[in-house]
Amino acid sequence: MQIKTVGVLGCGLMGSGIAQVCAAAGYKTIVKEIDDALLQKGLGRIRKFLEDGVTKGKVTAHARDSTLDRLTGTTTFDAMAACDLVVEAIVENLEAKRAAYASLERVLGAHTIFLSNTSSLCVTELAASTKRPDRFAGLHFFNPVPLMKLAEVIRGLTTSDDTYAQAFAFARSLGKEPINAPDRPGFIVNRLLVPYLLDAVRAYENGLGTLEDIDKGMTLGCGHPIGPFALLDFVGLDTTYYIANIMFEEFREPAYAPPPLLKRMVLAGRLGRKSGRGFYQY
Ligand code: CAA
Ligand code: NAD
């Protein structure tokens, strides 16, 4: 099947990046948010990234304009009826994702492939909640999507060979380097990354050092591009908290349990860069 029109559910941190790379790769792209304010915020993020790219000499003015021309924002599921493939990038919550798939299935054709950008949920369980468990797979991008080269492709128990091959080919068509990842919580990258981030929070709570010193330790000492607290703020503390709960629920190992400080920061609305304050102030 030829994929011409791509739908992206959610225009938050990840959905905006995913919509941008889909449109940049030549797909007619329709991105949906829950209301106009959030949609405009997400589309603004895309415009800013492309503008900055032009300023830095990384994106041509033509590429910026043609990417934006191929991109449409919407707040209705009806507007997604023509999509051949949908990438879902809404909040990391099983019930919210299930409800969104049910609404999508009311308007979409049977041929449409669903790919979830979930970080930690069970792909087989997500697939089973749809009427197309064979045309469903995980496609896990990394933040910031336009810059990070990796995409994990996850096969649920019911994903057909054809769907899996199409998800792989789709990731490549976006300029990503796809890898096979298992349908286990956190797949490959988050299985290793999330315990590290949670451990950093626990160590900080236990007085290991200042935020700045711990971050400096991991950047200058290990060559990481940013330290764990800058990365937590970048990913979003709410999203990290949801991921930790999901991974802990499945593995029942203390390494995945969300530290008390993380929970309290989320409850206080300190979600990281996206809310203006997390471990650091922005
Ligand atoms: N348009 C085009 N290119 C751009 C750009 C733009 N708007 N902005 C930056 N770039 C390019 C730069 O030109 C530069 O390219 P070169 O390497 O060719 O010079 C490159 O992108 C890096 O940009 P900068 O040097 O300006 O930025 P930086 O050095 O501060 O790096 C970063 C930014 C790449 C995000 C870096 O901080 C980084 O790698 N951080 C870690 C990110 C990470 O770990 N992400 C994964 C999170 S976990 C996840 O996503 C999974 C999950 O489920 C939670
Ligand atoms: P986010 O909070 O920035 O964005 C989620 C967006 O989805 C919100 O703007 C919300 O309004 C919107 N939304 C919720 N329900 C919707 C619906 N029914 N229709 C359309 N939009 C809806 O979160 P995010 O960081 O972009 O994460 C989204 C997904 O991507 C999650 O599954 C997360 O685990 C995954 N993910 C996140 C990262 C990261 O670094 N933040 C990396 C990889 C994967």
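The following exercises, each with a worked solution, concern a predicted model of a protein with two ligands.

Residues are numbered from 1 along each chain as its sequence is written, and chains are lettered from A and ligands numbered from 1 in the order in which they are written. In this predicted model local features need pLDDT of at least 70, side-chain atom pairs count only at pLDDT 80 or more, and totals for chains, interfaces and linings use all residues, while side-chain values use heavy atoms, with hydrogens and water left out.

**Exercise 1. Cysteines**

Determine how many disulfides the structure holds, and explain why Cys22 forms none.

Solution.
Step 1. A disulfide is a covalent bond between the sulfur atoms of two cysteines. The criterion applied here is a pair of cysteine sulfur atoms within 2.5 Å.
Step 2. The count of disulfides in the structure is zero.
Step 3. For Cys22, the closest cysteine sulfur belongs to Cys83 and is 10 Å away, which is too far for a bond. Cys83 is likewise in no disulfide, its nearest cysteine sulfur being that of Cys22.
Step 4. Residues are classed by relative accessible area: buried is under 20%, exposed is over 50%, and partly exposed is in between (1.4 Å probe, protein chains only). Cys22 has 0% relative accessibility and is therefore buried. Cys83, at 0%, is also buried.

**Exercise 2. The surroundings of ligand 2**

Describe which residues surround ligand 2 and which polar contacts can be found there.

Solution.
Step 1. A residue is near a molecule if one of its heavy atoms lies within 4 Å of it. Ligand 2 is surrounded by 21 residues, and the closest are Met14, Glu33, Glu92, Ser119 and Val235.
Step 2. A polar contact is a pair of N or O atoms within 3.5 Å; within protein, one must be able to donate a hydrogen and the other to accept it, and residues adjacent in sequence count only if both atoms are side-chain atoms. On the backbone side, a polar atom of Leu13 is 3.0 Å from an oxygen atom of ligand 2. On the side-chain side, an N or O atom of Lys32 is 3.0 Å from a nitrogen atom of ligand 2, and an N or O atom of Glu92 is 2.6 Å from an oxygen atom of ligand 2.
Step 3. Accessible areas come from the Shrake-Rupley method with a 1.4 Å probe; for residues, only the protein chains shown count as cover. Ligand 2 taken alone exposes 830 Å², of which the protein buries 88%.

**Exercise 3. The surroundings of ligand 1**

State which residues come nearest to ligand 1, and which helix gives the most to its shell.

Solution.
Step 1. There are 18 residues around ligand 1, and Lys58, Ser119, His140, Asn143 and Asn190 come nearest.
Step 2. A nitrogen atom of ligand 1 lies 2.8 Å from a backbone N or O atom of Phe49. A polar backbone atom of Gly53 is 3.3 Å from a nitrogen atom of ligand 1, and an N or O atom in the side chain of His140 is 2.8 Å from an oxygen atom of ligand 1.
Step 3. On its own ligand 1 has 1100 Å² of accessible area, and the protein covers 63% of this.
Step 4. Helices (H or I, at least four residues) and strands (E, at least two) are DSSP runs, numbered from the N terminus. Helix 2 (36–55), helix 7 (189–205) and helix 9 (228–235) are the elements that give two or more residues to the shell. Helix 2 gives the most, with three residues.

**Exercise 4. Backbone features in loops**

Locate Pro144, Phe187 and Arg252, and state whether Phe187 and Arg252 are buried or exposed.

Solution.
Step 1. Pro144 lies in the loop between strand 6 and strand 7 (150–154). The peptide bond that leads from Asn143 to Pro144 is cis, with omega near 0 degrees.
Step 2. Phe187 belongs to the loop between strand 8 (177–181) and helix 7. Its phi is near 55 degrees, a positive value in a residue other than glycine. With a relative accessible area of 3%, Phe187 is buried.
Step 3. Arg252 is in the loop between helix 10 and helix 11 (260–267). Phi of Arg252 is also positive, near 55 degrees. At 56% relative accessibility, Arg252 is exposed.

**Exercise 5. Separation in sequence and in space**

Find how far apart Ile246 and Asn93 are in sequence and in space.

Solution.
Step 1. Ile246 is part of helix 10 (residues 237–251) and is buried, at 19% relative accessible area.
Step 2. Ile246 and Asn93 are 153 residues apart in sequence, and their C-alpha atoms are 9.0 Å apart in space.
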